[in-house]
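Reader: I am new to this structure and would like a close look at a single part of it. Please choose one strand, follow it through its partners, and then set it against the rest of the chain.

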Amino acid sequence: MSKERVPLYYEDLVVGHNFPCGEIVVKEAEALSFATRYDPQPFHLDPEAGRRAGFGGVVLSGWLTAALTMRLMVTGGFLLAEGAVGVGIESLQWPLPVHPGDMLSVAVVPITLRVSASKPAFGIVKCRVTTTNQSWEVVQLMTSAVLVPRRNAESA
């Protein structure tokens, strides 16, 4: 039996609650295709260049890691009503490289909640988004804010 995914509204979010968002295995073909098109640095395309750079082989572009993180957020356990409308990124870090074949997992934790002063039908939620690999090592850490509709938006 599949679990129905219920969209989250501002009122459903609690500071400190962990929203696991699933996992995805990074395919080598996808990593190379992305790098070729968007970030064609040698260590993203050539295993020897990756070794010379100290990565032990080809590594993903951080931007692909960010894109995969976003995919897991919107298809996983942080399904926001009307989608994840980004307000901004406060910080984005890639403490460890990601290699083709790694399995990434994402978790989102709201760290602040407030009603928008300019758009009271929405809340602004600052979140810590942590992406880990199969060894539970953090490979991306992001703090960002999203605009989330309030459940009774028409009466706000």
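Author: Two strands are said to pair if DSSP finds at least two bridges between them. The model discussed here is predicted. The part chosen is strand S5, which spans residues 138-149.

On one side, S5 pairs with S2 in the antiparallel sense, over seven bridges. Strand S2 covers residues 85-93. Two of the bridge partners can be named. Leu-92 has Met-142 in S5 as its bridge partner, and Gly-88 has Ala-145 in S5.

S5 also pairs with S4, again in the antiparallel sense, and here there are eleven bridges. Strand S4 runs over residues 122-132. One of the bridge partners in S5 is Thr-143, which belongs with Arg-128. As for cover, ten of the twelve residues of S5 are buried, and the strand is mostly covered.

S4 and S5 together form a hairpin, with five residues between the two strands. Trp-136 is in this turn and has a positive phi of about 65°. Most residues other than glycine have a negative phi. The value for Trp-136 is positive although Trp-136 is not a glycine. With a relative accessibility of 66%, Trp-136 counts as exposed, because the cut-off for that word is over 50%. The turn residue Trp-136 is therefore exposed, while S5, which follows the turn, is mostly covered.

A second positive phi is found at the other neighbour of S5. The loop between helix H4 and strand S2 contains Glu-82. Its phi is near 70°, and Glu-82 is likewise a residue other than glycine. Glu-82 counts as exposed, at 69% relative accessibility.

The two pairings of S5 belong to an open sheet of five strands, in the order S1-S3-S4-S5-S2, with antiparallel pairing. The edge strands are S1, residues 19-25, and S2, and each of them pairs on one side only. On average, neighbouring strands of this sheet are turned by 25° against each other, with direction ignored. In a regular strand, the side chains alternate between the two faces of the sheet.

Two cysteines can be placed on these strands. Cys-127 falls within the range of S4, and Cys-21 falls within the range of S1. A disulfide is a covalent bond between the sulfur atoms of two cysteines. The structure holds zero disulfides. The sulfur of Cys-21 has its closest cysteine sulfur in Cys-127, 9.6 Å away, and this is too far for a bond because a disulfide needs the two sulfur atoms within 2.5 Å. Seen from Cys-127, the closest cysteine sulfur is that of Cys-21, again at 9.6 Å. Cys-21 counts as buried at 3% relative accessibility, and Cys-127 counts as buried at 2%.

Away from the sheet, the helical part offers one residue to look at. Ser-61 sits in the loop between helix H3, residues 47-52, and helix H4, residues 62-75. A polar atom of the side chain of Ser-61 lies 3.1 Å from the backbone nitrogen of Trp-63. Leaving aside residues up to four places away in sequence, Ser-61 touches Phe-34, Asp-39 and His-44. At 2% relative accessibility, Ser-61 is buried, since that word stands for under 20%.

The whole chain can now be set out. The protein has four helices and five strands. From the N terminus on, its elements run β-α-α-α-α-β-β-β-β. Of the contacts with a separation of 6 or more, 69% are between residues 24 or more positions apart. One pairing of this kind of reach links S2 with S5, through partners such as Gly-88 and Ala-145.

Of the 156 residues in the protein, 37% are buried. The protein exposes about 8,700 Å², and carbon and sulfur atoms supply 57% of that area. Taken along the principal axes, the C-alpha atoms fill a box of roughly 60 × 40 × 25 Å.

Definitions and conventions
Residues are numbered from 1 along each chain as its sequence is written. This is a predicted model: local features need pLDDT of at least 70, side-chain atom pairs count only at pLDDT 80 or more; totals for chains, interfaces and linings use all residues. Side-chain values use heavy atoms; hydrogens and water are left out. Buried means under 20% relative accessible area, exposed over 50%, partly exposed in between (1.4 Å probe, protein chains only). A polar contact is a pair of N or O atoms within 3.5 Å; within protein, one must be able to donate a hydrogen and the other to accept it, and residues adjacent in sequence count only if both atoms are side-chain atoms. Contact means heavy atoms within 4.5 Å. Axes are lines fitted to C-alpha atoms, for helices over the stretch in contact, and angles run from 0 to 180 degrees between N-to-C directions. Accessible areas come from the Shrake-Rupley method with a 1.4 Å probe; for residues, only the protein chains shown count as cover.
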